Amino acid sequence: MGKTQQYIQNNMFKVSHELPINMLDKSFEINDYEYCLPHLLDQNEKYKEHFLYAKEAGSYIIMDNSLHELGKAYNTKRLLHWIKVLEPNEFIVPDVWQDKTQNYHEAWECYNVLKMQGYQKIAFSYGADWYAGEFPHPNPLVGKMMGRIMT
């Protein structure tokens, strides 16, 4: 592989679609990595088997904490169980929706604490209400979007 091709391959965006369970068999064809929701591992045998196979096949796996889907992070004991079983390459630590993010200064403080603790990736929630305060706009969704980008 030439230097240009290698650069492009190493610096391209990676894509993973959260597929309906009945389409998981297409995941290896269309996704660059596997994105796992742990609550579904306990709820659906086909989902669980897909991720066990993905681990065995050496797929790159990111495990979420199911906060968005459940309104709260999945049961800690079950999260730890699935981390041990799947050994995901990345894991999104449990958090609480809209807690410690009511204003920019608290989010900044939280970011710095996580960074000092050695976290290499820190995600910013897509829908925190305080983003709109950073970018006032008549359309609150635009305000949130632009506030998140500015943050």
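How many strands form the open sheet, and in what order do they stand? There are 3, arranged S1-S2-S3, and the pairing is parallel; two strands count as paired if DSSP finds at least two bridges between them. Strand S1 (34-36) and strand S3 (90-91) sit at the edges with a single partner strand each, so one side of each has no neighbour in the sheet.

A word on what is being looked at. This is a predicted model, in which local features need pLDDT of at least 70 and side-chain atom pairs count only at pLDDT 80 or more, while totals for chains, interfaces and linings use all residues. Residues are numbered from 1 along each chain as its sequence is written, and side-chain values use heavy atoms, with hydrogens and water left out.

As for confidence, pLDDT is the predictor's own score for each residue, from 0 to 100. Its mean over the protein chain is 84, and 85% of the residues reach 70 or more. Among the elements, helix H4 (residues 45-56) has the highest mean pLDDT, at 97, and helix H1 (residues 3-11) has the lowest, at 58.

Now the overall layout. The protein chain holds 9 helices and 3 strands. These are DSSP runs numbered from the N terminus, with helices (H or I) of at least four residues and strands (E) of at least two. Followed along the sequence, the pattern reads α-α-β-α-α-β-α-α-β-α-α-α. Of the 151 residues in the protein chain, 26% are buried; that label means under 20% relative accessible area, whereas exposed means over 50% and partly exposed covers what lies in between (1.4 Å probe, protein chains only). Contacts, meaning heavy atoms within 4.5 Å, can also be sorted by sequence separation. Among those in the protein chain between residues at least 6 apart in sequence, 49% join residues at least 24 apart.

Back to the sheet. Strand S2 (residues 61-63) runs parallel to S3, and 2 bridges join them. Here Met63 stands opposite Phe91 in S3. Helix H6 (residues 76-86) packs on the sheet and touches S1, S2 and S3, with its direction at about 170° to that of S2. H4, for its part, lies across S1 and S2 and runs at about 135° to S1. For these angles, axes are lines fitted to C-alpha atoms, for helices over the stretch in contact, and values run from 0 to 180 degrees between N-to-C directions.

H4 and H6 also meet each other. Two packed helices are described by the angle between their axes and the distance between the axes. In this case the axes of H4 and H6 come within 10 Å and cross at roughly 40°. H4 and H6 are therefore oblique to each other; angles under 35 degrees count as roughly parallel, over 145 as roughly antiparallel, 65 to 115 as roughly perpendicular, and the rest as oblique. On the H4 side the contact involves Lys48, Phe51, Leu52 and Lys55, and on the H6 side Trp82, Val85 and Leu86. Sorted by class, that gives 5 nonpolar, no polar and 2 charged residues. The nonpolar class holds Ala, Val, Leu, Ile, Met, Phe, Trp, Tyr, Cys and Pro, the charged class Asp, Glu, Lys and Arg, and the polar class the others, Gly among them.

H6 has an outward-facing residue too: Leu80 is found in this helix and counts as exposed, at 54% relative accessibility. The C-alpha atoms of Leu80 and Pro38 are 9.8 Å apart, with their positions 42 residues apart along the chain.

The loops bring some details of their own. Tyr33, in the loop between helix H2 (27-30) and S1, is buried, with a relative accessible area of 19%. Leaving aside residues up to four places away in sequence, Tyr33 touches Lys14, Val15, Ser16, Tyr60 and Ile62. Its C-alpha atom is 7.4 Å from that of Lys14, 19 residues away along the chain.

Backbone angles deserve a look as well. Most residues other than glycine have a negative phi. Ser66, however, has a positive phi near 70°; this residue lies in the loop between S2 and helix H5 (67-70) and is buried, with a relative accessible area of 0%. Glu87 also has a positive phi, of about 45°, although it is not a glycine. Glu87 lies in the loop between H6 and S3 and is exposed, with a relative accessible area of 55%.
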